[in-house]
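Work through the exercises below with the model open beside you. Try each task before you read its solution.

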Amino acid sequence: MRYWLYKSEPITWSWEQQKDKGEAGEEWTGVRNYQARNFMREMAIGDRGFFYHSNDGKAVVGIVEVVKAAHPDSSTDDPKWECVDIKAVMDVPTPVTLDQVKAEPKLSEMVLVNNSRLSVQPVKEDEFRLICEMGGLDPKAAMKG
DNA sequence: GCCAACGTTGGC
DNA sequence: GCCAACGTTGGC
């Protein structure tokens, strides 16, 4: 099991919209960056991740799970772009803000802090657990389902 | 709204 | 294969 973080501007695709898709989930389309695409290729069904609101909110707001492995991105005809499908699993009761992440020394290695432009990124297990705790979640529930 | 950081494109 | 120009992201 690996852990990830997905960024989305809520104005484009919000956590509320993601939740509306229910158990079936939705394609994480629109990634046009090789690094981000390559991370999606590494994902396995069942991998958990954070849903992060960029720009407006700047906070981890939800837990998601991969429900379909990488496949061609249906939002383009270009076969080089791929994406996974993810579904909403649960809310983060107290969204964990970027400021909080930056203020926590244990999270100083996070890609979110060091490469703010990467829209799909890996999260270490320890980092994932800590952010769950900061958000008011039981890590066991958030990490295993 | 600005701009720094980063990625991509295309001329040479 | 280099690098200048350009476009985009996302924090501030």
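**Exercise 1. Find the residues around DNA strand B and sort them by class.**

Step 1. The model is predicted. In this model, Asn-33, Tyr-34, Gln-35, Asn-115 and Arg-117 surround DNA strand B.

Step 2. Sort them. The surface near DNA strand B has one nonpolar, three polar and one charged residues. Tyr counts as nonpolar and Arg as charged.

**Exercise 2. Do likewise for DNA strand C: which residues are around the strand?**

Step 1. List them: Lys-7, Glu-9, Ser-54, Asn-55, Lys-58, Leu-98, Ser-116, Arg-117 and Ser-119.

Step 2. Count by class. There are one nonpolar, four polar and four charged residues on the surface near DNA strand C.

Step 3. Look for overlap. Arg-117 is on the list for DNA strand B and on the list for DNA strand C.

**Exercise 3. Take Asn-55 and Lys-58. Give the place of Asn-55 and of Lys-58, then decide how exposed Asn-55 is and how exposed Lys-58 is.**

Step 1. Locate them. Asn-55 sits in the loop between strand 3 and strand 4. Lys-58 lies in the loop between strand 3 and strand 4 as well.

Step 2. Check the backbone. Asn-55 is not a glycine, yet its phi is positive, near 65°. Lys-58, also not a glycine, has a positive phi of about 45°.

Step 3. Apply the cut-offs: 12 or fewer C-beta neighbours within 10 Å means exposed, 20 or more means buried, and the range in between means partly exposed. Asn-55 has 11 C-beta neighbours inside 10 Å, so Asn-55 counts as exposed. Lys-58 has 17 inside 10 Å, so Lys-58 counts as partly exposed.

**Exercise 4. Which residues of helix 2 are buried, and which are exposed?**

Step 1. Helix 2 spans residues 34–42, and its Ala-36, Phe-39 and Met-40 are buried.

Step 2. Place them around the axis. These three cover an arc of only 100°, so they are on the same side of helix 2.

Step 3. Turn to the other side. Tyr-34, Asn-38 and Arg-41 are exposed there. Tyr-34 is also one of the residues around DNA strand B.

Step 4. Ask what covers the buried residues of helix 2. The cover includes strand 1 (3–8), strand 4 (59–72), strand 5 (82–97) and strand 6 (120–123).

**Exercise 5. In what order do the strands of the six-stranded sheet run?**

Step 1. The sheet is open, its order is 2-5-4-3-1-6, and its pairing is mixed.

Step 2. Find the edges. Strand 2 (26–27) and strand 6 each pair on one side only, and they are the edge strands.

Step 3. Take one pair. Strand 4 and strand 5 run antiparallel and are joined by 10 bridges. Val-64 has Ala-88 in strand 5 as its bridge partner.

**Exercise 6. Which members of the largest nonpolar core touch the most other members?**

Step 1. The core has 37 residues; Trp-4, Tyr-6, Met-40, Phe-50 and Val-60 touch the most other members.

Step 2. Name the suppliers. At least two residues each come from strand 1, helix 2, strand 3 (48–53), strand 4, strand 5, strand 6 and helix 5 (125–134).

Step 3. Follow Tyr-6. Leaving out residues up to four places away in sequence, Tyr-6 touches Trp-28, Gly-49, Phe-50, Phe-51, Tyr-52, Val-64, Ile-86 and Val-120.

Terms used: Residues numbered from 1 in each chain as written. Chains lettered and ligands numbered in written order. Predicted model: local features only at pLDDT ≥ 70, side-chain atom pairs only at ≥ 80, totals over all residues. Helix = DSSP H or I, 4+ residues; strand = E, 2+ residues; numbered from the N terminus. Arc of directions from axis to C-beta. Contact = placed C-beta atoms within 7 Å. Near = placed C-beta within 6 Å. Pairing = 2+ DSSP bridges. Core = buried A, V, L, I, M, F, W, Y, C linked by C-beta atoms within 7 Å.
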